[in-house]
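Please study the structure shown below before attempting the exercises. Each task is followed by a worked solution.

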Amino acid sequence: AKPDLILLEGQSALRNRSGPCGAELLLSGDARGVILQHAPARRYFEDQEALGHEIPSLESELALIAMYGSRVLAIALNHEAIDPSDRVPIKERIARATGLPVVYPLLEPLDPMVMAIEAYLSSERCR
């Protein structure tokens, strides 16, 4: 049987030098739809601050995912180190810049993400 949906949990960022990287999952899992996790307040990969390993820009991560033949369906934001008063403006800025649904999954309903997944599953591109 061919399932309609398989969820692959990423373990690391696409370009995290400590690996394993999400790129391996995109390729080996033949992931076509992606929910991208992004931490807007984080400058360095976790535990790599002293090494100076900066997190690439959101825009470059979106472009890289597209180069792998996958499509970002929505963005899940990590709210750590973001002042509560800044959360909505950051979310709105990212949504405007990307045209994608953006959600703080630990703080708000996931409906926009679920709707994006459902729309993708019903599209011809996914079949």
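The exercises below concern a predicted model.

**Exercise 1.** Determine which residues of helix H4 are buried and how they are placed around the axis.

*Solution.*
Step 1. A residue is called buried if its relative accessible area is under 20%. In H4, Met113, Ala116 and Tyr120 are buried.
Step 2. These residues lie on the same side of H4, because they cover an arc of only 60 degrees around the axis.
Step 3. An α-helix has 3.6 residues a turn, so residues three or four places apart point the same way.
Step 4. The other side of H4 carries the exposed residues Asp111, Met115 and Glu118.

**Exercise 2.** Compare the expected span of H4 (residues 111–122) with the distance between its end C-alpha atoms.

*Solution.*
Step 1. At 1.5 Å a residue, the 12 residues of H4 should span 16 Å.
Step 2. The end C-alpha atoms are 16 Å apart, which agrees with the expected span.

**Exercise 3.** Identify the strands against which the buried residues of H4 pack, and describe how these strands pair.

*Solution.*
Step 1. The buried residues of H4 pack against strands S1 (33–38), S2 (71–77) and S3 (102–103).
Step 2. Six bridges pair S1 with S2 in the parallel sense; His38 stands opposite Leu77 in S2.
Step 3. S2 and S3 also run parallel, joined by two bridges, and Ala76 has Val103 in S3 as its bridge partner.
Step 4. Of the seven residues of S2, six are buried.

**Exercise 4.** State which helices take part in β-α-β units with S2, and give the handedness.

*Solution.*
Step 1. Helix H2 (residues 58–67) forms a right-handed unit with S1 and S2.
Step 2. Helix H3 (residues 84–98) forms a right-handed unit with S2 and S3.

Conventions:
Residues are numbered from 1 along each chain as its sequence is written. This is a predicted model: local features need pLDDT of at least 70, side-chain atom pairs count only at pLDDT 80 or more; totals for chains, interfaces and linings use all residues. Side-chain values use heavy atoms; hydrogens and water are left out. Helices (H or I, at least four residues) and strands (E, at least two) are DSSP runs, numbered from the N terminus. The expected span of a helix is 1.5 Å times one less than its number of residues. Buried means under 20% relative accessible area, exposed over 50%, partly exposed in between (1.4 Å probe, protein chains only). The arc is that of the directions from the helix axis to the C-beta atoms. Contact means heavy atoms within 4.5 Å. Two strands pair if DSSP finds at least two bridges between them. A crossover is right-handed if, with the strands pointing away from the viewer, the path from the first strand over the helix to the second runs clockwise.
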